[in-house]
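Colleague: I am new to this structure and would like to understand how its descriptions are arrived at. Could we go through them one at a time?

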Amino acid sequence: LSTTEAEYMALSMAMRELIPLVRLFEEATKMGIDVAVNKAVVKCPVFEDNEGAAEIATVHKFRPRTKHIHLKYHHFREQVVSGLIEILKVSTHIQMADVFTKPLGLPVTLFAKHRKSIMGW
């Protein structure tokens, strides 16, 4: 399993949680229920730090190296195409989880910044 595949599968699992919530807010807004101070904007940005996974999610074309990814992981593509979900790139400089997934060769200042964010300092 490559990192792109793992990230894409994780993105898919996150979408399984997100899409029903977005639909719930959409229905509540249509019924006139005030779900926020202003009208609810039913569009959700999703941040992804793996460029390959973001490309698979946004550009729908056949790729020989990813043809074996099971169809159940592609369920959210139509929401991306319709604009309900937007996949955005997140930089290593603001991705706190990189402390746990990248080698300790991160610049010391970046490591310290992420550590402070995680610890709430």
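Modeller: Let us start with one residue, bearing in mind that this is a predicted model: leaving aside residues up to four places away in sequence, Tyr8 touches Ala53, Ile56, Ala57, Ile69, Tyr73, His74, Phe76 and Arg77.

Colleague: What makes Tyr8 a residue to mention when the largest nonpolar core is described?

Modeller: That core has 19 residues, and Tyr8 belongs to the group that touch the most other members, together with Leu11, Met15, Val46, Phe76, Ile85 and Ile87. The elements that contribute two or more residues to this core are α1 (3–30), α2 (51–58) and β2 (85–89), and the largest share, 7 residues, is supplied by α1. As a general matter, nonpolar side chains in soluble globular proteins tend to be buried together.

Colleague: How do you know which way α2 faces, and which of its residues are buried?

Modeller: The buried residues in α2 are Ala53, Ala54, Ile56 and Ala57. When one looks down the axis of α2, these buried residues fall within an arc of 160°, and therefore they line one face of the helix.

Colleague: Why is Thr29 called buried?

Modeller: Buried means a relative accessible area under 20%, and Thr29 has 17%, so Thr29 is counted as buried. Thr29 lies in helix α1.

Colleague: What makes the pair of Phe25 and Thr29 a polar contact?

Modeller: The backbone oxygen of Phe25 lies 2.8 Å from a polar atom of the Thr29 side chain, and the cut-off for such a pair of N or O atoms is within 3.5 Å, so the distance satisfies that limit.

Colleague: How do you know that the length of helix α5 agrees with what is expected?

Modeller: Helix α5 covers residues 108–119, and at 1.5 Å a residue its 12 residues should span 16 Å; the C-alpha atoms at its ends are 16 Å apart, so the two values agree. Just after α5, Gly120 takes a positive phi of about 80°.

Colleague: Which elements make up the protein, and in what order do they run?

Modeller: The protein has 5 helices and 2 strands, and from the N terminus on they run α-β-α-α-β-α-α. Among contacts with a separation of 6 or more, 62% are accounted for by residues 24 or more positions apart.

Colleague: How much of the protein counts as buried, and what supplies the area that it exposes?

Modeller: Of its 121 residues, 31% count as buried. The protein exposes about 8,400 Å², and carbon and sulfur atoms supply 62% of that area.

Notes
Residues numbered from 1 in each chain as written. Predicted model: local features only at pLDDT ≥ 70, side-chain atom pairs only at ≥ 80, totals over all residues. Heavy atoms only, no water. Core = buried A, V, L, I, M, F, W, Y, C linked by side-chain atoms within 4.5 Å. Buried < 20%, exposed > 50% of the residue type's maximum accessible area, 1.4 Å probe, protein only. Helix = DSSP H or I, 4+ residues; strand = E, 2+ residues; numbered from the N terminus. Contact = heavy atoms within 4.5 Å. Expected span 1.5 Å × (residues − 1). Arc of directions from axis to C-beta. Polar contact = N/O pair within 3.5 Å; in protein donor to acceptor, adjacent residues only side chain to side chain. Areas by Shrake-Rupley, 256 points an atom, 1.4 Å probe, with all protein chains shown as cover.
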